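Biologist: I should like a close look at a single part of this model, namely the place where the two chains meet. Please set out its contacts and then the empty space around it.

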Amino acid sequence: MSLFEFIPSLLSGLGVTLTLTGGGALVAVVLAWLAGLARLSHFGPLRLAAATYVETFRGTSALVQLYWFFYALPLFGIELSATATGIIVLGLNIGAYGAEVVRGAVLSIDRGQSEAAAALNLSNLKRLWIVIAPQALLRMLPPAGNLLIELLKSTALVSLITLNDLTFRGMLLRAETLRTVEVFGLLLIIYFCVAQVLTLGLHAAERRLSKAWHLEGAR
Amino acid sequence: MAPYIAIRNLTKSFGKLDVLRGIDLDVPQGEKLSIIGPSGSGKSTILRILMTLERPTSGEIAIDGEPLWHMRNNGTLRPANKRHLRAMRAKVGMVFQHFNLFPHMTVLKNVTVAPRHVLRLSREESEFRAIQLLEKVGLSEKLTAHPAQLSGGQKQRVAIARALALYPKIMLFDEVTSALDPELVGEVLNVLRDLAQETDMTMLLVTHEMRFAREISDRVVFIDQGLIIEQGPPEAIFSEPAEMRTREFLRAILGEQS
């Protein structure tokens, strides 16, 4: 069996991996904004709720979280498919780190921006969404790229809750062919290539925004 | 006639630092008032409190008879809530030392954002007004530029148009030429001069441009260490200041500027 014959099986696994990465990223982005902004709120209970979420998911093992959602949650009557579990848990996990990225980026915007917005009598919400958030978004892109790659790599964990992702396919192939070096080598290369594509994509987005706003040092 | 802006015994402390130590100031409608004084004397803090960016420690301010930081409630005054502050803010506009333009918006968007979202004007109407204002400050050719493409003087002129777009009754100018390269100061002062001559807006300027203050002001207030030391018509303040501290300050700063 030549290496090329491994490709179809690995590619079908890659589809599952990309689905989880994309879905997880979507969940993570929403949660990161919600929790990141909640941590900046003037309302104490909201801050506390967000901090609890962030610390819980940062402070526990992602694998155990997956096991808990997949094997323990059904005992409370909530059954999710393996794919949904993977997307939600990985999203919750990366979202917790992302919340800190959002918070940091919002805090890094010069105070003069929100003062100018206040002087123009924009409401608090509009100050945030029209003035602060777009500028913060640009500053978030580099750390968000790191988190996206973390997310991609952590999808390998879902092979342990019955999903046929890239890593799981690799394990099967290895068991069938016993060509450990080649199979795992191929896996590494595929993960690496996908990570590169994601990195390039985010860099392009960053460059595009900087250029659209004619910022100095548009990289 | 009742003063348009009435400030009574205004104080502001940042921790142990007393920035304002009891300011009383009346400003009639339409007056062009310059506030001068050494750095750290509290002049900018007065403007920031009027813009509601800074909460006073004590004292009262009324604009057009309406308390700014308080609300009347059954004859008693209590601290203003957010809605009251927003309503009061509609009368006041401010231009900052460091421009604070929104870097992700074009010049046109910078000037239309508040009319669109605060006054809820249509896009056409807000753009029509913005273009008029940008023409007035000499920047109608820069509508689609972003702030990063402008010089400091151009940025400040956009900031002036942006503040004017809400048609405030009171305009506050906080050292608006201090961050500019010397050769760009003139273009901003020209815009201010035109505004002072053409409009009946009440204008408060904190400035280090003494010659300019003398030229356009109806009245000049000299502040030092959080107190008004002396005030009067520009001729009196600049030609024959009564107070020792005013004389010392003017000697120091005019010595630098001549």
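Modeller: A salt bridge is taken here as a side-chain nitrogen of Lys or Arg within 4 Å of a carboxyl oxygen of Asp or Glu. The model is a predicted one. With that cut-off, Arg48(B) and Glu115(A) qualify, because their side chains come to 2.7 Å, N to O. Across the interface of chain B and chain A the rule finds one salt bridge, and this pair spans the two chains. Over all chains, the same rule gives a count of 16 salt bridges.

Glu115(A) has a second partner, within its own chain. The side chains of Arg111(A) and Glu115(A) also form a salt bridge, at 3.4 Å, N to O. Both Arg111(A) and Glu115(A) belong to helix 5 of chain A, where they are four residues apart, about one turn of the helix. Glu115(A) therefore takes part in a salt bridge with Arg48(B) and in another with Arg111(A), each pair falling within 4 Å.

The wider interface can now be described. The size of an interface is often given as the accessible area lost when the parts come together. For chain B and chain A the buried area is about 2200 Å², of which 59% is on carbon and sulfur atoms. In terms of residues, 27 from chain B are in contact with 24 from chain A. Eight residue pairs between chain B and chain A are in polar contact, with both residues at pLDDT 80 or more. On the side of chain B that touches chain A, the elements giving two or more residues are helix 2 (82-89), strand 8 (92-95), helix 3 (107-117) and helix 5 (152-164) of chain B. By class, that side of chain B comprises 16 nonpolar, five polar and six charged residues.

On the other side of the interface, chain A has eight helices and zero strands, and its pattern along the sequence is α-α-α-α-α-α-α-α. The C-alpha atoms of chain A occupy a box of roughly 70 × 50 × 20 Å along the principal axes.

The empty space comes next. Rolling a probe the size of a water molecule over the atoms shows where empty space is left. In the whole structure, the search finds one cavity of 30 Å³ or more, and the space in this largest cavity is about 50 Å³. Both chains contribute to its wall: the lining consists of Ala116(A), Ala119(A), Leu120(A), Met94(B), Val95(B), Phe96(B), Ala159(B), Arg162(B) and Ala163(B). Helix 5 of chain A, strand 8 of chain B and helix 5 of chain B each give two or more residues to this lining. The greatest contribution is that of helix 5 of chain B, with three residues. Eight of the lining residues are nonpolar, none is polar and one is charged.

Two pockets, which unlike the cavity are open, are also lined from both chains. The largest pocket holds about 1200 Å³ of space and has 31 lining residues, with Leu40(A), His42(A), Ser114(A), Asn124(A) and Arg127(A) nearest its centre. At least two residues of this lining come from each of helix 4 (82-108), helix 5 (111-119) and helix 6 (124-154) of chain A, and from helix 2 of chain B. Helix 6 of chain A gives the most, with five residues. The lining of the largest pocket divides into 14 nonpolar, seven polar and ten charged residues.

The second largest pocket has a volume of about 510 Å³. Among its 19 lining residues, those nearest the centre are Gln113(A), Gln135(A), Leu215(A), Leu101(B) and Pro103(B). Helix 6 of chain A supplies the largest share of this lining, three residues. By class, the lining of the second largest pocket has ten nonpolar, five polar and four charged residues.

Terms used:
Residues are numbered from 1 along each chain as its sequence is written. Chains are lettered from A and ligands numbered from 1 in the order in which they are written. Side-chain values use heavy atoms; hydrogens and water are left out. Contact means heavy atoms within 4.5 Å. Buried area is the accessible area (1.4 Å probe) that two parts lose on being put together, summed over both. A polar contact is a pair of N or O atoms within 3.5 Å; within protein, one must be able to donate a hydrogen and the other to accept it, and residues adjacent in sequence count only if both atoms are side-chain atoms. Ala, Val, Leu, Ile, Met, Phe, Trp, Tyr, Cys and Pro count as nonpolar, Asp, Glu, Lys and Arg as charged, and the others, Gly among them, as polar. On a 1 Å grid over the protein atoms alone, a cavity is a set of points where a 1.4 Å probe fits but cannot get out, and a pocket is an open set with protein on both sides within 12 Å along at least five of seven lines; lining residues have an atom within 4 Å of a point. Grid points are joined across faces, edges and corners, and a volume is the space filled by probe spheres set on the points.
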